[in-house]
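Trainee: I should like a close look at one part of this model, set within an account of the whole. Please treat the interior in a single connected answer.

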Amino acid sequence: MSIEVRHVHKQFGPFTALDDVSLAFPDGRLTALLGPSGCGKTTLLRIIAGLEHPDRGHVLLGEQDMARTHVRQRQVGFVFQHYALFKHMTIFENVAFGLRVRPRRQRPVEREIRKKVMGLLELVQLDWLADRRPAALSGGQRQRIALARALAVEPRVLLLDEPFGALDAKVRKELRRWLRRLHDELHMTSLFVTHDQEEALEVADEVVIMNQGRVEQRGAPQAVYDAPETAFVFGFLGHVNLFHGRAHDGRLQTGCVTLDLPGLEHATGAPATAYVRPHDIQIEPLPAGDAASPGPGMRVSLQRAHAFGPLAQLELRREDTQELIEVILPSQEFERLRAQGHQRFVARPRQARVFLN
């Protein structure tokens, strides 16, 4: 079932949580709402669920306007960050809870409840823990039980609020893969909130990036990463180096260095910032005693290096502005440079995105 929000506005006192947000989420897609704390992503999720009400705007599930529909009647499954499992109940009873509290005429018979609950526990690969209590489970297992409980009531859409936020890095990665496989099996329209860029880019079919109550950009993960439309999106998605300066006639003057950057031909002395990913900077050794960089580029000196697996992360300091630059290159290439004893380099951006300030 598709989800659509139209011109949704939400205010908490003087704070604007959502500012005229309109979005449509296609049927069967897994969409990530991504952004920093306070950007409005959780408020939007709660409004779709019916846990909050917009000051203005509409929420549609399918073609039905949910404005006057109670949260219990929306058939929305909601998974919270901290599981919200009932500690005094077994795992089986937790998953069965939503079915057993239905009105009598809608409540399945006990035999059907047992069949459905055990089927869901098999789906999340935890049927062998049906008689345990939540305290006996790991964090990752509890979150999978919380998801099974949300699915028990046969929701039309599934909403997840920072579902892996309380888990350690290794468990988060395992559950991300598991959630993607589960979604591919169920094909249920799903939204999940996260502030973790890697999580959103790895799991989702589509990413919606929010900032200060507004939508900055939406699109497929690779498309958003490769072609950010705003400076905020570029800076938020992954690591980036910023080179501040002035644009003039297709060049950026930053410090005492001039960089050739296409797309600035129209600018005449305008303040600008070039955004460059660490893996998009090329370095080569600076010849000993060379007073100037050979060709366009920045003279830098090595401050710190850290090799991890196939990649090496270098921290370099510009000699003109004293600013730090992060560069990522293959570990083998770095080992070759280190073996030759090089400490000073010329750094050149291979590609950059420039935004006028």
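Trainee: How much area does the protein expose, and what share of it do carbon and sulfur atoms supply? Please then look closely at the largest nonpolar core.

Mentor: The model is predicted, so local features need pLDDT of at least 70 and side-chain atom pairs count only at pLDDT 80 or more, whereas totals for chains, interfaces and linings use all residues. Residues are numbered from 1 along each chain as its sequence is written, and side-chain values use heavy atoms, with hydrogens and water left out.

About 17,900 Å² of the protein is exposed, and 50% of that area comes from carbon and sulfur atoms (Shrake-Rupley method, 1.4 Å probe). The C-alpha trace spans about 85 × 45 × 35 Å along its principal axes. Its secondary structure comprises 9 helices and 20 strands (DSSP runs of H or I with at least four residues, and of E with at least two, numbered from the N terminus). Of the 357 residues, 46% are buried (under 20% relative accessible area; exposed is over 50%, partly exposed in between; 1.4 Å probe, protein chains only). Among contacts (heavy atoms within 4.5 Å) between residues at least 6 apart in sequence, 64% join residues at least 24 apart.

The largest nonpolar core holds 46 residues (buried Ala, Val, Leu, Ile, Met, Phe, Trp, Tyr and Cys joined through side-chain atoms within 4.5 Å). Val-95, Val-117, Ile-145, Leu-147, Leu-151 and Leu-158 touch the most other members. Helix H4 (residues 139–152) supplies the largest share of this core, 7 residues. Beyond four places in sequence, Leu-158 touches Gly-77, Val-79, Leu-147, Ala-150, Leu-151, Met-188, Thr-189, Ser-190 and Leu-191. Another core, of 25 residues, lies apart from the largest one and includes Val-21, Cys-39, Leu-61 and Phe-78. In soluble globular proteins, nonpolar side chains tend to be buried together.

Individual positions complete the picture. Leu-129 sits in the loop between helix H3 (110–123) and H4, yet its relative accessible area is 1%, so it counts as buried. Outside its neighbours within four places in sequence, Leu-129 contacts Ile-91, Leu-137 and Gln-141. Phe-80, in the loop between strand S6 (76–79) and helix H2 (91–100), is partly exposed because its relative accessibility is 33%. Arg-180 belongs to helix H5 (residues 169–186) and is buried because its relative accessible area is 18%. With neighbours within four places set aside, Arg-180 is in contact with Leu-30, Val-203, Ala-204 and Asp-205.
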